[in-house]
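The following paragraphs lead the reader through selected features of a structure. Please keep the sequence and the coordinates at hand while reading.

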Amino acid sequence: MDLTLILFIVLAVVAILTALGMLASRSAIYAALFLVLNFATVAIFYLMLGAPFIAMAQVTVYAGAIMVLFLFVIMLLGAEKLPKGEVLPWQRPLAIGLAAVLLAEAGYLLFQRLHITAGLANPGAEVNAPEAIQAMALSLFNQYLLPFEVTSVLLLVAMVGVIVLTKKEKGES
Amino acid sequence: MTFALLIEWLIKGFVLVLVLLGGFAYLTLYERKALARIQVRIGPNRAGPWGILQPIADAIKLIFKEELIPAKADKLLFILAPVVTLVPALVITAVVPWGSEIMMFGRVITLYIADINVGVLYIMSVASIAVYGVVLAGWSSNNKYAMMGGLRSSAQMISYEMSLGLAFISAIMLAGSMRMLDIVEAQRTLWFVLLQPVGTAIFLIATLAEVNRPPFDMPEAEQELTAGYHVEYSGMKFALLFMAEYDKMIAISAIGATLFFGGFRGPFVDTYPWLGPIYMLLKLVILLFGMIWVRATFPRIRYDRLMAFGWKVMLPLSLAIVFITAAGILLAEQVNPLLIWTVPALSLLAGVFTIAMIDRELRRKEYARA
């Protein structure tokens, strides 16, 4: 058993526990904080797979920016405490059923592919090289330039939309 | 990994933390002395000669103070928040190089802790984590003023993080790398502050907002919020929050010195590598004096103006700066290396245009009021 495997097992347990904690906690603030921890663990998984850029982007964008905005909204609305009891009583059995289907699918795929071990041996080998960032940037701005630009236009449209929606109309106080 | 290497890393990490904690103590003295001189006072001079024992006296006072936890506070988060604030302030400096390499005890010792190829991104991600401490401190106190401070800080820090990141990008593009050592090496002949003066100015302004220093100390505005997010904190917990603020100042000055002011580079540093930390310290002291000077000079600006300034002035200007830098580098590569000077020229033009626009807007408002 090497060090990486031990690290992986510990991190996996933390990731699952924080995910469960997020689902189970009755305080919205604690749920958000569990989610932050979960994102941080996932970032460390990316690091272990030899993808430092994705790991850092995960921390900056998800754990940093987006979750802070979540916290901001929760605090601003004063919605820290969830009401006791279920609001949608049919939701829980349905969710359990769907989760069981998902688990079955994932398990089936996992066991079917269990004998195919190639490709997982050392996933970080090529991206681990010192030029990993350059390689990623080159493929992002050459091979995937169009999707990249389309995404940025999408974000711009969303931004303009928000400004238009929140702007006061003329004559309105 | 050998045992000696592990010991070396441990010692270096320990030394860095000690430097930051000792630096915090003497930064408070430095600030009080400098503020006092600016306000024609003498400043602390009772404890020890020239008041140099003042930080120790302050620490002893804070340790012996009673620690209060409000009855309706969220105890776990209330205790955790100062720690969450302090840790990012300490770990963010791990990627800042203090020199190249020196020989000591028959070993080559590198004067940096981590040399990762996503150094600048690491700084961005730790800086974005740093918001949590302040927000949680504000929320867990269960006090409306503290809460307002926490909300303000989260909005403010996210808003200015954009401009900060874009200022980083101009330095990254000029160096062509995200490694801090490469960035320092690229400034061997010319500091980036000369190539990108407006980018440096944006960085310096955005960092003031990131570390909640005056004139952007909205989260702890005394007059409006009595002290903002740390109003309920006392004793050592208050000291931790205070420590985090000053360590963030040191860290952000070290990052600024590395990205725009040549890092540990200076005359003769190639022949005598131990000069590196000394140059770095000098640059730190000068940049920190700038922050203290700003505090002594400018009044706090109003919150809506702070947000308007961040979104309507800083963000468009920094986007323009990124565009100008990219275009200038492309011109220099494709046509003539001398064309790199279009970067500072056009940036200064954009900066002057921005200032003229602000001036015009302020005049218009004054005219409308009168």
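A convenient point of entry is A:G78, a residue with a positive phi near 65° that comes directly after helix α3 of chain A. The model is a predicted one, and the values below are computed from it. Helix α3 of chain A covers residues 52–77, 26 residues in total, and spans 36 Å between its first and last C-alpha atoms, close to the 38 Å expected at 1.5 Å a residue. Within this helix there is a kink of about 30°, and its centre is A:M67.

Chain B also has a helix α3, formed by residues 75–91. This helix contains 17 residues and extends 25 Å from first to last C-alpha, close to the expected 24 Å. It too is kinked by about 30°, here at B:A81, shortly before the proline B:P82. Both B:A81 and B:P82 are buried, and the buried residues of α3(B) also include B:L77, B:F78, B:T85, B:L86, B:P88, B:A89 and B:L90. Which elements cover these buried residues? The cover includes a contribution from the other chain, namely α2 (28–48) of chain A, together with α1, α4 (119–129), α5 (131–140) and α11 (235–260) of chain B.

The description now turns to the beginning of chain B. Helix α1 of this chain, residues 3–38, contains B:Y26. B:Y26 is partly exposed, because its relative accessible area of 37% falls between the limits of 20% for buried and 50% for exposed residues. This tyrosine belongs to a nonpolar surface patch of about 960 Å², to which B:W50, B:I52, B:L53, B:I56, B:I60, B:I63, B:F64 and B:M236 also belong. Helix α2 of chain B, residues 54–63, gives the most to the patch, with three residues.

Between α1 and α2 of chain B runs a loop that holds B:P44. Is this proline buried or exposed? B:P44 counts as buried, since its relative accessibility is 11%, and the limit for burial is 20%. Beyond its neighbours within four places in sequence, B:P44 is in contact with B:L29, B:R32, B:K33, B:W50, B:G51 and B:Q54. One of these partners, B:W50, is also a member of the nonpolar patch. By contrast, B:W9 lies 38 Å from B:P44, C-alpha to C-alpha, with their positions 35 residues apart in sequence.

Charged pairs complete the picture. Over all chains, the structure has 10 salt bridges. In one of them, B:E185 pairs with B:R188, and the closest N and O atoms are 2.5 Å apart. B:E185 is partly exposed at 36% relative accessible area, and B:R188 is likewise partly exposed at 44%. B:E185 also meets B:R265 in a salt bridge, at 3.3 Å from N to O. This second pair links distant parts of the chain: B:E185 is in helix α7 (residues 180–186), whereas B:R265 is in the loop between α11 and α12 (275–297), 80 residues away. B:R265 counts as buried, with 8% relative accessibility.

A further salt bridge joins the side chains of B:E361 and B:R364, at 2.9 Å from N to O. These two residues are three places apart in helix α14 (residues 342–369) of chain B and are therefore separated by about one helical turn. An α-helix has 3.6 residues a turn, so residues three or four places apart point the same way. B:E361 is partly exposed, at 33% relative accessible area. Elsewhere, salt bridges with shared partners join B:E185, B:R188 and B:R265 into one network.

Technical notes:
Residues are numbered from 1 along each chain as its sequence is written. Chains are lettered from A and ligands numbered from 1 in the order in which they are written. This is a predicted model: local features need pLDDT of at least 70, side-chain atom pairs count only at pLDDT 80 or more; totals for chains, interfaces and linings use all residues. Side-chain values use heavy atoms; hydrogens and water are left out. Patches are made of residues with over 30% relative accessible area and no salt bridge: like charges are joined within 9 Å, nonpolar side chains (Val, Leu, Ile, Met, Phe, Trp, Tyr) within 5 Å. Accessible areas come from the Shrake-Rupley method with a 1.4 Å probe; for residues, only the protein chains shown count as cover. A salt bridge is a side-chain nitrogen of Lys or Arg within 4 Å of a carboxyl oxygen of Asp or Glu. Helices (H or I, at least four residues) and strands (E, at least two) are DSSP runs, numbered from the N terminus. Buried means under 20% relative accessible area, exposed over 50%, partly exposed in between (1.4 Å probe, protein chains only). The expected span of a helix is 1.5 Å times one less than its number of residues. The bend at a residue is the angle between axes fitted to the seven residues ending there and the seven starting there. Contact means heavy atoms within 4.5 Å.
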